[in-house]
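User: I am new to reading protein models and would like a close look at a single part of this one. Please also tell me about the whole molecule around that part.

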Amino acid sequence: MVYWNNKLGKYRAMLTNEELARHLPPTKLATKVNIHGMLEKYHTLYLKPNHGTGGMGIFKLSQHGNYYRLQNGTRSRTFTTFDGAYAAFAKAKVKKIYLVQKGIPLLHYQKRPFDLRIMVQRSSQRKWEVTGIVGRLARPHKVVTNYHSGGMPMQVDELLASFVPRAKQASYINLLNTLGLRISRHMSDIFPRSLAYGVDIGIDKELKPWIIEVNTKPDKYIFNALADKRMFRKIMRYAELTKNKRMMEKQ
């Protein structure tokens, strides 16, 4: 089976791995029927372009008793019917192909949701290695955490401090890194030219990690926004090494 290098293709590729499938929130093409059915079941959904990065164009749709809320950026609108909410979304998305994904109830820091970005890169020996992990704290009133949409980069231990005891943090972060490595090894069998993956992980109140998205061209510069530059320097060093190695192989 051919898997296209877009959000739906990568989701379907990960579904073929039993271990990874347990960490994937249900995701479908955003048809009106699919959105309605998933909203009745989960009550909170994210609508995202099948192509695109940086959190651009993402909507949050939620049902609250007898009304519906559609959020995009810092703008929020309410509707008394699902048809009204869907019509507003359909008009805004124009002709783009969208996906609908179950909303994960993310952990919060100072009343704002956050998720994590795990950077996994090939070493000069072509082995996958986690080279960085950073938290992304959403801007107030925003529905996404992405750095280029105003998300604030933070140290992971600071974000997790209220949820994971200090003595257990290293073990928990190691669990997340292991998941990032498992994803990268599986995906590299399907997309063998990739040199790095940016794995976006959401954590729910039971501390279960969910795979929100996997980026095949991850932004490195979010790590440069941290006061501690060690991860950023390592990421850039690995990127340069693998780039040079690929160039030499082509000669």
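Analyst: Let us begin with charge, keeping in mind that this is a predicted model. The protein carries 44 positive and 17 negative charges, and the mean positions of these two groups lie 5 Å apart. The surface that the protein exposes comes to about 13,300 Å², of which carbon and sulfur atoms supply 53%.

The part to look at closely is strand β2, which runs over residues 44–49. Is this strand mostly covered or mostly uncovered? Strand β2 is mostly covered, since 5 of its 6 residues are buried, and for the protein taken as a whole, buried residues make up 49% of the 251 residues.

Which strands pair with β2? One of them is strand β3, residues 59–64, which pairs with β2 in the antiparallel sense over 4 bridges; within this pairing, Leu47 has Phe59 of β3 as its bridge partner. Strand β6, residues 98–102, also pairs with β2 in the antiparallel sense, here over 5 bridges, and Tyr46 stands opposite Gln101 in β6.

Stepping back to the setting of this strand, the protein has 7 helices and 12 strands. Its radius of gyration is 19 Å, close to the 18 Å that the globule rule gives for 251 residues, so the protein is as compact as a globular protein of that length. Along the principal axes, its C-alpha atoms fill a box of roughly 60 × 45 × 30 Å. Finally, among the contacts in the protein with a separation of 6 or more, 59% are between residues 24 or more positions apart.

Conventions. Residues are numbered from 1 along each chain as its sequence is written. This is a predicted model: local features need pLDDT of at least 70, side-chain atom pairs count only at pLDDT 80 or more; totals for chains, interfaces and linings use all residues. Side-chain values use heavy atoms; hydrogens and water are left out. Helices (H or I, at least four residues) and strands (E, at least two) are DSSP runs, numbered from the N terminus. The radius of gyration is taken over C-alpha atoms; the globule rule is 2.2 Å times the number of residues to the power 0.38. Buried means under 20% relative accessible area, exposed over 50%, partly exposed in between (1.4 Å probe, protein chains only). Contact means heavy atoms within 4.5 Å. Accessible areas come from the Shrake-Rupley method with a 1.4 Å probe; for residues, only the protein chains shown count as cover. Lys and Arg count as positive and Asp and Glu as negative; His and the chain ends are not counted. The place of a charge is taken as NZ of Lys, CZ of Arg, CG of Asp or CD of Glu. Two strands pair if DSSP finds at least two bridges between them.
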